Amino acid sequence: MQLTLWTYEGPPHVGAMRVASAMRGVHYVLHAPQGDTYADLLFTMIERRDTRPPVTYTTFQARDLGGDTADLFKRSVRDAYERFKPEAMLVGASCTAELIQDDPGGLARACNLPVPVVAVELPAYQKKENWGAAETFYQLVRAFAGPHVPPPGTPRTAREPGDTSRRPRANLLGPTALGFRHRDDVREICALLGRLGVDVHVTAPLGASAADLARLGEADFNIVLYPEIAGQAAAWLERNFGQKAVRTVPIGVTATRNFIAEVAALAGVDAAPLLGEQTSRLPWYSRSVDANYLTGKRVFVFGDATHAIAAARVAADELGFAVVGLGTYSREFGRELRAAAALHGVEPLISDDYLDVEAAITAAQPDLVLGTQMERHIAKRLGVPCAVISAPVHVQDFPARHAPQMGFEGANVLFDTWVAPLMMGLEEHLLTMFREDFEFHPEAAASHLGATTQAAARSAENSRMDATPEGAGARALRWAPDAEKELGKIPFFVRGKARRNTESFAALQGLATITVETLYDAKAHFAR
Amino acid sequence: MTIAALLPEIPGCGAAPRIAASDAGRATVTTAEVTTAKVTTAKVTTERGQREVFCGLTGIVWLHRKMQDAFFLVVGSRTCAHLIQSAAGVMIFAEPRFATAIMEERDLAGLADMNDELDRVVTQLVARRPDIKLLFLVGSCPSEVIKLDLGRAAQRLSRRMMPDVRVLSYSGSGIETTFTEGEDACLASLVPELPAQAPDAAPSLLVAGALAEAVEDQFSKLFAGLGIARVAYLPPRRACNLPAVGPNTRVLLAQPFLAGTARALQERGAALLTAPFPLGAEGTTEWLRAAATAFGVNADRFETVTALPAQRARQAVARTGARLAGKKIFFFPDSQLELPLARFAAREMGMQIEEIGTPYLHRQHLAPELALLGDDVRIVEGQDVDRQLDRCRAARPDLTVCGLGLANPLEAEGLATKWSIELLFTPIQGYEQASDLAGLFARPLARRELLKV
């Protein structure tokens with residue numbers, strides 16, 4: 001039993017819904033009680049989809065449990081087929097139905113529907129949303145592409161380099177409904193491939209039909225945009241169709257360039273013209289003198305493994321931030337995350353416990369948090385700026401504008417969204433120089449962020465960042481009134497850090513009282 | 001004269017089943033006629049099929065804000081945690097006073113003793129939140145299916161942690177409760193804990209059902225004006241201030257979904273007053289009148305206290321709701337507030353009712369509402385969402401009141417909608433909120449007129 005306040009991922013059947021909702025002509029019959037219909041609002045409200053997800057719930061009740069839940073399931077399957085006439089059916093159970101063991105797959109087969117029925121077993125008490133999406137996608141790919149697998153030993157008829165009869169073609173795998181910017185990433189990557197001279201054969205699951213899945217084997221290679229969702233299916237396609245997979249996730253300028261080179265190598269096309277173009281503003285913006293103040297900003301990164309690892313790399317290599325924390329809730333990708341953390345010299349945080357993440361962020365005292373909607377709340381309470389880089393998503397993560405994370409335009413978006421929450425360079429200096437200006441009062445936030453952040457930041461800062469840490473050393477320490485006053489002149493966003501540094505310095509020196517001198521000794525001691 | 005006084009007991013409805021029964025099977029429709037004596041004949045159709053309504057766990061979203069020293073621990077699955085989190089949506093202001101004890105494979109496989117695990121989680125929680133005075137263990141679909149006895153667990157934990165923490169339990173499971181029935185189950189679980197009133201206590205009024213604090217304050221002022229001095233509310237703002245109950249308690253329901261709570265209060269000897277619910281000027285007046293009659297307030301005094309605010313409410317509703325007169329409205333089942341809301345829409349804003357869907361109809365508590373609605377209204381109890389959508393599309397109502405899962409798809413089909421959940425999270429009861437309530441109905445139509453895109 002696990003005590004959970006907030007959860008990063010939904011149950012695995014929500015992952016299956018993300019796949020079914022992304023596709024065309026697929027209907028999902030879910031053996032589930034009525035409460036589980038809440039999941040519809042994830043799609044209609046958060047993503048603002050204009051149709052109901054293609055899901056029928058059996059909504060069994062307590063009084064059904066004695067006898068006919070299996071019958072209810074079969075009726076639901078038949079009714080759903082009659083009403084929606086899908087090209088393929090997906091059937092399964094949610095957590096409660098898993099306990100009553102009705103065997104949705106067997107029951108659905110007994111209905112003898114004239115369309116293929118794919119049963120997905122998603123163990124709700126072991127697995128979570130992304131796993132459910134990956135498993136569902138994998139089962140669908142197997143079910144529909146499976147019949148087209150060439151017999152073992154058949155040599156693969158690869159497209160010859162220089163073949164002018166057709167352009168090379170690739171499948172784009174992984175985008176789903178309710179994905180973090182999947183809609184925009186697909187558009188961006190399709191455009192990139194187009195300029196490279198590569199056709200997108202099938203994009204799946206987003207926008208694909210069962211018939212499209214059947215054609216997956218015809219592509220020359222696969223592109224795994226979201227390993228959490230498409231990794232397993234791509235491995236199966238590689239084993240059975242001999243299709244190589246591009247696994248570089250094109251987030252950030254460097255990764256996008258590597259991605260282009262990798263695609264070009266597999267497609268047998270020349271990447272040089274595209275790589276030669278100036279395609280993102282990020283490198284120049286980052287090198288421009290105005291961006292100097294970004295140097296060494298302490299950033300804490302948390303999200304799904306793919307986005308978190310990519311964000312840490314972009315933060316360090318392309319914006320000049322210092323990564324002070326890196327973590328993920330995707331336990332399945334713990335190995336990759338640990339490797340990335342080692343690269344940045346930080347402790348990996350692999351946890352889906354929101355309280356662990358909050359504690360880690362509080363301890364790291366970052367200048368910026370790159371996280372999910374959960375970390376946005378943590379950051380808000382701590383008064384630390386935050387940008388969202390990963391699911392779980394919120395209605396704000398589906399902006400009206402085109403805002404990809406991937407490709408060159410994606411890199412532009414990262415620069416803008418990560419830099420915007422920070423205090424502008426000169427403003428930060430002015431705040432420090434003219435501390436007693438009444439409009440630069442100690443609680444002032446960045447002027448372009450509006451007044452509301454000030455109150456939030458103030459209360460958060462009072463309650464947390466500025467609080468004396470509960471430690472052995474802290475107990476004996478006393479702040480002299482003039483030192484306390486001097487501390488008050490330090491802008492709020494660094495005051496917590498200044499207090500902690502000074503106190504740990506004083507403890508180190510064995511001082512009982514902190515004076516103004518101690519404050520400045522500590523500053524010199526910790527000067528980077 | 002009170003509306004309630006006009007209504008004799010409805011024969012055969014005292015023991016109405018908790019979930020609408022139909023033995024005719026799924027997707028078949030049975031029609032039951034409910035006769036409310038001489039006053040009205042409302043046709044109620046019972047429908048069975050896919051429901052598109054939240055489960056009772058959702059009530060935690062507002063109850064945890066209402067009772068500031070209570071904490072709600074759902075014993076369930078990841079789905080339960082995800083549901084509450086998704087339903088709570090933007091309501092995350094602070095660390096929540098609810099959590100989920102997520103059952104895992106090893107619990108279900110019997111590798112871990114479920115009760116030991118629960119004790120461990122509760123200990124962890126209480127250590128983290130020493131401010132908790134009342135802890136609800138909330139049952140879910142999975143905990144009900146595996147027959148985990150949370151009642152016994154609550155007793156065991158209470159024995160261990162009293163007097164610091166009292167532990168109660170109720171079920172919010174979707175196989176037994178829909179949406180607002182979770183609040184009913186929660187309040188019903190509080191009733192046995194209420195202190196007993198002295199046998200010779202002066203008559204007192206207990207208002208049951210969570211209300212916004214501002215609304216409670218307005219009602220308290222009105223009751224004081226009527227000379228009803230002893231007024232308490234269930235749930236209280238602090239769980240440690242439980243109101244007393246006994247044979248001299250008169251209970252006025254502020255919400256229409258409190259079947260179990262009302263029954264439990266009656267078992268403690270309290271007398272239930274029947275009235276329309278306090279939505280709109282008319283509903284509020286009749287609701288207050290039920291209390292006034294029970295407490296022997298004379299008619300003049302009642303007029304003096306209520307005439308002015310009622311008039312103010314009527315005027316404000318007339319202004320705000322002007323654009324709604326003659327417009328067609330369709331209610332999907334959601335919170336059980338549908339009947340009183342429809343009555344308000346029809347009688348105070350002149351709207352035309354196409355259909356009132358309600359997840360469950362408590363015929364006795366809703367009798368005064370049924371009487372006011374008249375006999376040519378289509379009421380559907382239960383749900384088959386696809387058939388209901390067919391009827392809604394065919395009716396082309398000007399406004400559809402529905403849940404969050406249906407609203408945007410219907411908007412995309414050109415139908416104006418109002419999220420029903422907003423009617424639950426907004427203070428709408430009482431005179432001063434009547435025009436806000438009208439405004440909630442009017443805004444979708446006003447917005448359509450404004451938009452030029």
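In the predicted model, strand β12 (residues 352-358) of chain B runs parallel to β13(B), to which 3 bridges join it. Within this pairing, Ile356(B) has Ile379(B) of β13(B) as its bridge partner. Helix α14 (residues 367-373) of chain B completes the arrangement, forming with β12(B) and β13(B) a right-handed β-α-β unit. Strand β13 spans residues 378-383 of chain B, and 5 of its 6 residues are buried, so the strand is largely enclosed by the rest of the structure.

In chain A, an open sheet of 4 strands is arranged in the order β7-β6-β8-β9, with parallel pairing. The edge positions are taken by β7 (199-204) and β9 (244-246) of chain A; each has a single partner strand, and therefore one side of each is left without a neighbour in the sheet. From one strand to the next, the twist averages 30 degrees. The pairing of strand β8 (residues 221-224) of chain A with β9(A) is parallel and comprises 3 bridges, and Phe221(A) has Lys244(A) in β9(A) as its bridge partner. Helix α9 (residues 227-241) of chain A packs on this sheet, where it touches β6 (169-173), β8 and β9 of chain A. The direction of helix α9 of chain A makes about 165 degrees with that of β8(A). Helix α10 (residues 253-267) of chain A also enters the description of this region: it lies across β8 and β9 of chain A and runs at about 160 degrees to β9(A).

The cysteines were examined next. Over all chains, the count of disulfides comes to 0. For Cys240(B), the closest cysteine sulfur is that of Cys186(B), at 15 Å; no bond is assigned between them because this separation is too far, the cut-off being 2.5 Å. Cys240(B) counts as partly exposed, with 48% relative accessibility. In chain A, Cys111(A) has a relative accessible area of 10% and is therefore buried, the limit for that class being under 20%.

Regarding confidence, the model scores ipTM 0.88 and pTM 0.88. Chain B averages a pLDDT of 89, and 89% of the residues score at least 70. Over residues 1-39 of chain B, however, pLDDT stays under 50. For residues 1-39 of chain B, the model has 83 contacts beyond four places in sequence.

How values were computed: Residues are numbered from 1 along each chain as its sequence is written. Chains are lettered from A and ligands numbered from 1 in the order in which they are written. This is a predicted model: local features need pLDDT of at least 70, side-chain atom pairs count only at pLDDT 80 or more; totals for chains, interfaces and linings use all residues. Side-chain values use heavy atoms; hydrogens and water are left out. Buried means under 20% relative accessible area, exposed over 50%, partly exposed in between (1.4 Å probe, protein chains only). Helices (H or I, at least four residues) and strands (E, at least two) are DSSP runs, numbered from the N terminus. Two strands pair if DSSP finds at least two bridges between them. A crossover is right-handed if, with the strands pointing away from the viewer, the path from the first strand over the helix to the second runs clockwise. pLDDT is the predictor's confidence in each residue, from 0 to 100. Contact means heavy atoms within 4.5 Å. Axes are lines fitted to C-alpha atoms, for helices over the stretch in contact, and angles run from 0 to 180 degrees between N-to-C directions.
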